[in-house]
Amino acid sequence: MEIRNILSWVSRQWDQNPLKVIMILALFTRLLTAFFSPGFLFHDDHFDVITPAQNWVYGLKQWMDPADPPRHSMFFAGIHYLILYGLESMGLVDAGLKMLVIRVFHASYSLLTVYLGYKLTETISNRTNASLVGLILTLLWFMPFYSVRNLVEMACIPPVLYGFYMLVSLGKNDRKQWVWWVLAGGMFGIAFSLRYHTILLAGGLGLVLLYRKEWIGSILFSSGFLFLSFVLIGLIDIQFYEYPFHSIVRYYEFNSANAYNFITGPPYKFIIVVFGFLIPPVSLMLMVGFIKGHKIEPMMFIAVLVFFLFHSFFPNKQERFMLPILPLVVILGTIGWQEYYQHSDFWQQRKKIISYSWKFFWTLNVLAVLLLAFTYPKRGRIETMRYLGKQPDLGSVVMETSRTKLKANPEFYLGKMAARFKPFQSNRNYTWTGFKEAGRHLSGDFVLVFTLTTKKSLEHLQLEIKETGKRPNYITFLGKENLELRIERMVRDYGSLEFKKYIPASDYDNFLHFLNPKHNHDENAWIYKVKKFKLDLD
């Protein structure tokens with residue numbers, strides 16, 4: 001009876017105010033994911049956001065080398081620094097709880113994507129299409145899962161949508177239009193400060209403005225863009241680096257020089273990515289609608305097209321690069337498809353196909369959203385660090401693997417200052433220079449993480465330990481391959497070991513490892529304590 005009453009209330013609310021229902025649903029899915037899906041997805045959303053932010057809280061100078069600006073957004077990492085600093089000031093030091101607060105922050109912020117997507121669609125089209133767009137942005141399988149992470153590709157979406165909303169609203173309100181031009185440019189300036197690639201969207205819509213000979217509007221838009229870009233990037237660069245926008249120059253220099261050193265693919269790769277992200281066959285409908293919608297809102301269409309074509313022909317092709325434009329594709333695709341569908345005799349005679357397609361779409365997405373809401377990416381690495389951080393006798397640790405290369409471990413979750421050996425010992429690493437000179441690394445509270453791969457001998461490890469004077473008293477074995485032989489080797493050459501804990505990888509990580517074992521490492525971990533140390537450090 002209660003369920004029937006709830007459904008009746010939802011139906012009434014949907015008829016009166018569909019946006020209210022959509023926002024409640026969006027809040028529920030995102031908070032559910034924030035609370036029950038810890039972890040991080042990629043390298044960048046942790047090691048290029050949380051790691052520098054926490055190091056700044058510790059008083060370290062990561063990313064502050066005047067001659068070597070970072071290749072990531074200082075503004076975005078700075079927001080997380082303020083959150084972490086505030087939490088520690090209030091006495092909250094547990095890494096897991098701090099990340100929960102940050103996920104809730106991102107979950108709340110991501111509601112703007114749903115709200116602005118609805119309002120933008122309603123302004124361009126009508127309430128019916130806006131409701132459909134709102135539901136898609138709420139329940140599309142990856143949206144809640146990605147929205148609670150520290151991804152600049154997701155964080156830049158709300159200012160992009162708000163910028164377009166201001167532009168398409170020009171002439172439909174009584175406000176001073178020049179203010180809207182400037183604010184729209186400012187929104188794209190914020191987006192650029194978060195994700196540098198969004199300058200392609202600003203450039204694409206700028207081409208439309210120039211084609212229309214909107215000279216005053218172009219100047220006002222550019223002024224807003226440049227002003228906020230200067231405030232959020234230029235002023236930071238003046239403070240820490242050699243000249244304004246030094247970090248931008250460094251970013252493009254690095255990416256140009258290393259274009260082929262990341263994931264690559266053919267020019268059509270991102271067509272497949274968009275097709276898959278939006279779930280076929282509805283994704284095909286939305287892509288057709290997007291093309292059909294080129295006359296509906298040319299600024300959005302050309303902006304997305306410029307962004308898409310650049311990434312399609314640039315060698316570095318990571319799938320998440322498409323995230324900033326997917327809501328725009330959904331908006332124009334929905335409007336274009338609905339208009340095409342309603343006026344197509346062919347599809348009007350085949351409504352069942354469309355109906356079944358949407359049922360399949362919603363069923364798959366809802367199931368995926370619920371499944372991902374209880375998924376723990378990178379569980380093995382994170383829980384290993386959390387367990388070690390709780391050991392009162394932790395000195396330093398060796399991370400051992402059967403592979404030639406070890407993926408970075410999130411030392412943040414140790415809950416104390418820590419570093420990996422290689423960056424710590426590098427004379428070119430500005431983060432640790434003053435720290436080592438002051439002898440702070442000799443403190444018992446500082447943890448050094450050594451690695452042992454198939455490319456490194458125990459003799460090499462012994463030299464590293466001697467060099468730092470930090471003797472590891474815990475060893476973690478990562479991955480199941482030849483596990484018994486690897487443990488026997490360490491017992492024979494390193495010292496007697498006592499098994500402490502097994503940290504299983506999440507089903508999500510195991511599935512990714514099964515799909516691509518070369519790229520996605522085995523995340524299972526076995527933790528041992530060193531009872532008797534054999535290596536000679538004298």
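Here a colleague asks a modeller how the labels on this predicted model were reached.

Colleague: Let's start with R486 and E400. What makes this pair a salt bridge?

Modeller: The closest N and O atoms of R486 and E400 are 2.7 Å apart. The cut-off is within 4 Å for a side-chain nitrogen of Lys or Arg and a carboxyl oxygen of Asp or Glu, so the pair counts. In general, side chains of opposite charge can pair when their charged atoms come close.

Colleague: Where do the two partners sit?

Modeller: R486 is in helix α25 (residues 483-493), while E400 is in strand β1 (residues 396-401). They are 86 residues apart, so this salt bridge links distant parts of the chain.

Colleague: And why is R486 called buried?

Modeller: Its relative accessibility is 7%, and buried means under 20%, so the label fits R486. E400 has a relative accessible area of 2%, so that residue is buried too.

Colleague: How do you know that E411 and R420 form a salt bridge?

Modeller: Same routine: look at the atoms. The closest N and O atoms of E411 and R420 are 3.4 Å apart, and the limit is within 4 Å, so they pass.

Colleague: Why is R420 called partly exposed?

Modeller: R420 has 28% relative accessibility. Partly exposed lies between the 20% limit for buried and the 50% limit for exposed, so R420 belongs there. Its partner E411, at 9%, counts as buried because that value is under 20%.

Colleague: What about K456 and E464: what makes them a salt bridge?

Modeller: Their closest N and O atoms are 3.1 Å apart, so they also meet the rule of within 4 Å. K456 is buried, with a relative accessible area of 12%, and E464 is buried at 6%.

Colleague: How many salt bridges turn up in the whole structure?

Modeller: The search finds 15. Some residues are linked in a network of salt bridges, namely D44, E153, R195 and R320.

Colleague: Now the surface. Why is K295 called exposed?

Modeller: K295 has a relative accessible area of 68%, and exposed means over 50%, so the word applies. K295 is in the loop between α16 (282-292) and α17 (298-313). The C-alpha atoms of K295 and G336 are separated by 9.2 Å, with their positions 41 residues apart along the chain.

Colleague: Which residues make the nonpolar surface patch?

Modeller: F35, F36 and F374 make it, and the patch is about 350 Å². Take F36, which lies in helix α2 (residues 18-36). At 48% relative accessibility, F36 counts as partly exposed. Patch residues need over 30% relative accessible area, so F36 clears that step.

Colleague: On to the backbone. What makes F245 stand out?

Modeller: F245 has a positive phi of about 65 degrees although it is not a glycine. F245 sits in the loop between α13 (215-240) and α14 (246-257), and at 25% relative accessibility it counts as partly exposed.

Colleague: What is the phi of I279?

Modeller: It is positive, about 65 degrees, and I279 is not a glycine either. I279 lies in the loop between α15 and α16. With a relative accessible area of 10%, I279 falls under the 20% limit, so it is buried.

Colleague: Why is the peptide bond from P280 to P281 called cis?

Modeller: Look at omega: it is near 0 degrees for that bond. P281 lies in the loop between α15 (269-277) and α16.

Technical notes: Residues are numbered from 1 along each chain as its sequence is written. This is a predicted model: local features need pLDDT of at least 70, side-chain atom pairs count only at pLDDT 80 or more; totals for chains, interfaces and linings use all residues. Side-chain values use heavy atoms; hydrogens and water are left out. Patches are made of residues with over 30% relative accessible area and no salt bridge: like charges are joined within 9 Å, nonpolar side chains (Val, Leu, Ile, Met, Phe, Trp, Tyr) within 5 Å. Accessible areas come from the Shrake-Rupley method with a 1.4 Å probe; for residues, only the protein chains shown count as cover. Helices (H or I, at least four residues) and strands (E, at least two) are DSSP runs, numbered from the N terminus. Buried means under 20% relative accessible area, exposed over 50%, partly exposed in between (1.4 Å probe, protein chains only).
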